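Today's notebook page is about aromatic rings and what sits around them. Have the model open alongside and follow me through.

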Amino acid sequence: MANPALKTRITALGAVALLSASLLGSLILMSVAMQDSARFGALYSILLLTNSAGLLALAGLIAINLRRLRRQLRAREPGSRLTLRLLVFFVALAVLPVTVLYIFSLDFLKRGIDSWFDVRVDRALEAALELGREALDLRMRDLLTQTEAMADEIAQGTPERAVLNLDALRDPDSIVVASAWTPGPALLDSMRERSGADEMTLFGDDGSLLASSSRISELIPHLPAAAVMIQVRQGRSYIGLDPLSDGKLFVRVAVPVRGESGARRILHALYPIAPRLNRLADSVEDAYARYAELAYLRDKLKLSFTMTLTLVLLFSIVTAVWAALYSARRLAAPIRDLASGTAALAAGDYTMSLPVQSTDDLGFLVSSFNDMTRRIGAARIEVETQRRYLETLLSQLSSGVIALDDDARVTIMNDSAIRMLELAPTLHVGSALADVCREIEHLHPLADALTPGLAERREQWQEQVVIFGSNGRRVLLCRGSALSARRHDARGYVLVFDDITAIIQGQRDAAWSEVARRLAHEIKNPLTPIQLASERLRQKYLRRLGAEEGEALDRLTGTIIQQVDTLKAIVNTFSDYAKTPVMTRASVDINDILNGVIELFQGAHPDIRIEARLMAGLPAISGDAARLRQVVNNLIKNAIEASPTSANAHIMVTTSTTHYAQADHVEIRIEDRGEGIAEDLLQNVFEPYVTSKARGTGLGLALVKKIVEEHNGVVTLRNNQGAGAVAIIRLPLDRELEQSENQVAREAR
Amino acid sequence: MTRDAFARRLTRLLLTVAVTSAMPPAWGGDIHIGMARDRIHNEMLVVDADATFEFSADAVDALDSGIPLTITLEVRLSRPRRYLWDPEVLYALRSYAIEHHALSKQFVVTDNVTGNRRVHATLDLALADLGRIRDVPITDRSNLGEPPLDYALRLRLDLKALPGPLIPIAYVSPGWRTSSGWYRWQTQR
């Protein structure tokens, strides 16, 4: 048998069936014992004990099962309540009829036993017994008279002396030898034969056996009891019935024999009862004895029958309860399996297959469940495959994609989105996107841009967001689309991010290149002929004119030439801005650049104090040293130009490292004590043609911003709390460069 | 209830059961053996005993109702040893029945082995006769082996011989438990 569960079940069923069969057999035997006490009387107690022990064993088995059921109920195990219901139902179905039957049977039994005993039967038996005694009494009186007559006869004659002593017969220490008294034509023999007695004995006054005669030739006569002898010695005759053997009555007579000499002897005789009378008397005695015994045993019989019946009832109930328990468990087993299977299914286990133990409706249900589980498992695998395919597809996209559920929680995020937004790969799946953006500093602008679209549940929207991450300024084009769903309240969103930083930069560069090209072409080219024409005009006519006109000509042409030079300088500046020079990246020490520029300006402006607080050991960055020098140059120049001419003019240049937008940066601060920047200019101060200076081109700060952004850095300009303005440049540290520098430093150590 | 209290109660209960089961029940019957002896008679080992019977009211009631009572005489012979248990040499069983004969109003004492019946007018006389045990053969003298021998004799009411319905009640009722206990003696002969 392959199935161990089935084997265990069959073994348990077999054991219980065997126990039940034994109990039933014992009960039957006990019932037989009740009817035939002679045969099974000795077994009754053993059977009673065996049955009680068997019942206890079954009850114990049930108790164990009930305890297990209680534990399952408390643990709210699936199927336990159904088992309990079925158990109660089955038990009620089995126990109620049996109990009713028991009560009525007990009543019938008691009435039946009581019906055996009737007062009339009682009286009839008493009367029969008395009648028997009376019938025998008549015969006994005759025999007494007859024996007394024989005693008189003996008293008048001369008896022979006996050779046996009666005491010797009674004494256990003496050896009783067969009587030496030989029957012969003696008086006693003739008397016995004449009277019809079976045995006749003559005793002396001292109890000695004088003579004896027996029809049956027994060696030892049937001696009367000592009490009889005492009674006769006292002069009173004795007569009584003696049941000397089974079913055979004798009349025992003992009378005193009074001789003339005064010596007292005793004549003892045993008379048989006539066979018919004997049979009748025995029958009456037997019936009376049996009735008396039954009457005495009436209560005991009732008790024994009640005990047997109670044991049968208990056996029925216990077997019914056990059968109910077993059946209930068997019926509830598939449902329990189904419940546990459903729980496993809910927990994500699609491999569970329930055992189909029957071919009935429950078996069909279990088969259907297994089929359903298989189908769900296959569908899940299909969905998983689709999801992986989608993930692979998304990971290959250059655009960042974030899928949100209806609560704006992240469900899917592809690699490009993680890279663009500089997020931890999987940490944010399941979190609300708004919370994620608020937690991360550089994503605050993104949170501001996304919130309206998500909050208003717009179908389609698009925002351009500028963030400053570890890779510097990024311009992201964010498009949001609501996902269509059957239920309106369960819609999600998909956000697609595109990094358009390079595109915008390219567009700007192209625009300014066009400006520069046009300037060169439209403005710069005519300037040289104007300048040359002005110089020729001056040379040709200065000598011819008088002093006054000559001076005017000289001043006017000088102005033209000077303004043309200015225009040339402006055009050259534009040309510089528009150029897209090839970045010559190398390891740059910002402190070195600052020292050089400060030294240059300090020499040119000794009246202005330029203070440098440069961080020792400032990490190098990767960049174009010449262009960075131009940035510093422009900013310090601006600071000097903004500084007052008084002796208090003071410019402070500071370098440090800072952690900004999840990356390490080198920070350069250039502060002045000037008048600061007008609030209306602050917003657009880095745009071309925005300047507060009368002679400025408006391209200095725009150029600064362009170069800083080319280095993936950020530049800000704001007014100081006290006086003047502060320009802050943050340039990201090149990680690879930093690592290699660290490696070099370690090797040097 | 604490565990100690429970243990104390259990001990007290067990002691009570042990003491009460060891004591002869006051309401039950009693058999007292006044004398028992062994003799050699005609090369046979025989025993004599004098006993007095006092049946409980239940037993007398049953007897009066025609239910015969069986008295069992048990004789056990063992050889005494100093260190090990005494090996049993012999075990003999003999039973007597006493019953009331309603027609004759007599009490009949029957030796179940020999079938001898003795008839008495009263129960007291019948019990006195039953108590006078004489010449009960046990075994041949040659089976006895070397002396000394330990003898033990007991008389008891045989409950298994009662009618079936009465047996369970007799077993659980103290009124029916009637036994003399073992009467012991030793013979150097």
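Is A:Trp322 buried or exposed? I looked it up in this predicted model: A:Trp322 is buried, as its relative accessible area is 11% (buried is under 20%, exposed over 50%, partly exposed in between, with a 1.4 Å probe and protein chains only).

A note on the ground rules: residues count from 1 along each chain as its sequence is written, and chains are lettered from A. Local features need pLDDT of at least 70, side-chain atom pairs count only at pLDDT 80 or more, and side-chain values use heavy atoms, without hydrogens and water.

Next I checked the ring pairs and found five over all chains (centres of Phe, Tyr or six-membered Trp rings within 6.5 Å; planes under 30 degrees apart are stacked, over 60 edge-to-face, the rest tilted). One of them joins A:Phe89 and A:Phe90, which is tilted because the planes stand at 50°, with the centres 5.9 Å apart. Both residues are partly exposed, A:Phe89 at 48% and A:Phe90 at 22%.

Back to A:Trp322: its ring is stacked with that of A:Tyr326, since the planes are at 10° and the centres 5.4 Å apart. A:Tyr326 is buried too, at 17%. I see the two four residues apart, about one turn, in helix α8 of chain A, residues 275-346 (a DSSP run of H or I, at least four residues, numbered from the N terminus).

In chain B I noted one aromatic cluster of B:Tyr151, B:Tyr183 and B:Trp185.

Last, I looked for charges over rings (NZ of Lys or CZ of Arg within 6 Å of the ring centre and within 35 degrees of the ring normal). A:Lys300 sits over A:Tyr296, 4.3 Å from the ring centre, and B:Arg81 over B:Trp85 at 5.7 Å.
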